[in-house]
Protein chains: 2
Amino acid sequence: MSKVRVHNLAVSLDGFATGEGQSLQTPFGHAGGRLMQWFFGTRTFQSMNGEDGGSEGVDNAFAAAWGPGIGAEIMGRNKFGPQRGAWQDEEWKGWWGENPPFHTPVFVLTHHPRPTLEMAGGTTFHFVDASPAEALAMAREAAGGLDVRIGGGPSTVRQFLEADLVDHLHVVLVPILLGRGVRLWDGLESLEDRFTVEPVTTPSGVTHLTFTRR
Amino acid sequence: MSKVRVHNLAVSLDGFATGEGQSLQTPFGHAGGRLMQWFFGTRTFQSMNGEDGGSEGVDNAFAAAWGPGIGAEIMGRNKFGPQRGAWQDEEWKGWWGENPPFHTPVFVLTHHPRPTLEMAGGTTFHFVDASPAEALAMAREAAGGLDVRIGGGPSTVRQFLEADLVDHLHVVLVPILLGRGVRLWDGLESLEDRFTVEPVTTPSGVTHLTFTRR
């Protein structure tokens, strides 16, 4: 049975997985790049940018686990772009350029569907107005037996956790206090009852928490 | 110069350092003992209860650091007891029995002062209606050159952090989601700018975070 996985979801000590004030220039709002510093230093990230180098320790092991075995992604509209409400135009094709790093079907949850976007490299964006369970059924169908990744943002991950649809959750606790933004953990009291939780700290100063469904 | 220290302050992943619904039977509200399981297993805790045994690893090293070098404690009224508002009677002498574990002067912050309580073993409870800075001046005077511990609960620690009066903060991140209670981290955006933060996980599954003033 294919699994539903969340990877590399970075959260501040006060529980915010993205900052306040997302815009074209600031995908993570006032958080800037602070939640992802641990990731930028890894070989996985650097090779995505065509660079040679980067760390190969625990941070990289987690970073590299994002791709293998995934056949489709589901993301929230706020991960896809900074626009809200009805699309003003359909020129926006995501933050990732002509060849996005997904290389699979991607289901973008939105109350404002628009035509499917075929990108280079195997990424296809489907825009769907669907519940978590409905979107997961579509993504599973598209994934051809492989796993489905819930790509974020935090509101989307929270909805899938609330619906008890997640098998594997990898959270990166970053020891900063953002103070404001979008919280991951609201409404998830006693989530740990459904998972085995394993923490590990790394030299970059973060703590990786792996939640595996019991 | 004497330091201001916070020790063994356990916080859930969603940032609650105590649960909802404190009562005589439930000092931590609906959290019960879940935030302190890591502590109950240590030799330090077990020897406080006259028992022989317990772990002697990292959890115990942190647990044992609570006492040495401390000359006075400051605590909030909700750590002292479950009563709110004007004292209905003055029979309540704290949760700890006739010989509390503090063995120093303890300043209890309250808007409802009452006479000083001298307990066995060197603990004296002073009830003061004072700002954090005023209470710290009193505690420093009483500590005779030793350090001052801010004993909690979370609202009191947060007030001292807001006033930038804390030199050493030891937080224990427990991988549970309480969902409700009293939050530690609210209003402390960018706290990390004033501290060096060091995390370590332990076999009990918690992550100790040490904040040391820069």
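Biologist: Which kind of axis relates chain A to chain B?

Modeller: Keep in mind that this is a predicted model. In general, two copies of a chain are related by a rotation about an axis and a shift along it. Here, chain A superposes on chain B after a rotation of 180 degrees, with 0.0 Å of shift along the axis and an RMSD of 0.0 Å. That relation is the one given by a two-fold axis.

Biologist: Which residue of chain A has the C-alpha nearest the axis?

Modeller: Let's stay with that axis for a moment. The nearest C-alpha in chain A lies 3.1 Å from the axis, and it belongs to A:Thr201.

Biologist: What percentage of the contact residues of chain A recur in chain B?

Modeller: Think of the surface that each copy uses. The same surface serves both copies, and the share of chain A contact residues that recur in chain B is 100%.

Biologist: Now for a strand! Is β1 of chain A largely enclosed or not, and with which strand does it pair over 6 bridges?

Modeller: Strand β1(A) spans residues 4–12, and 9 of its 9 residues are buried, so the rest of the structure largely encloses it. It runs parallel to β7(A), joined by 2 bridges, with A:Val4 partnered by A:Val148. On β8(A), A:Leu173 stands opposite A:Val11. The parallel pairing over 6 bridges is with β8(A).

Biologist: Is B:Asn60 buried or exposed?

Modeller: B:Asn60 sits in helix α3 of chain B and touches residues including B:Thr42 and B:Ser55. A polar atom of its side chain lies 3.3 Å from the backbone nitrogen of B:Arg43. Buried means under 20% relative accessible area. B:Asn60 has 11% relative accessibility, so it counts as buried.

Terms used:
Residues numbered from 1 in each chain as written. Chains lettered and ligands numbered in written order. Predicted model: local features only at pLDDT ≥ 70, side-chain atom pairs only at ≥ 80, totals over all residues. Heavy atoms only, no water. Helix = DSSP H or I, 4+ residues; strand = E, 2+ residues; numbered from the N terminus. Buried < 20%, exposed > 50% of the residue type's maximum accessible area, 1.4 Å probe, protein only. Polar contact = N/O pair within 3.5 Å; in protein donor to acceptor, adjacent residues only side chain to side chain. Contact = heavy atoms within 4.5 Å. Least-squares fit on C-alpha atoms with pLDDT ≥ 70 in both. Pairing = 2+ DSSP bridges. Lists of a residue's contacts leave out its neighbours within four places in sequence.
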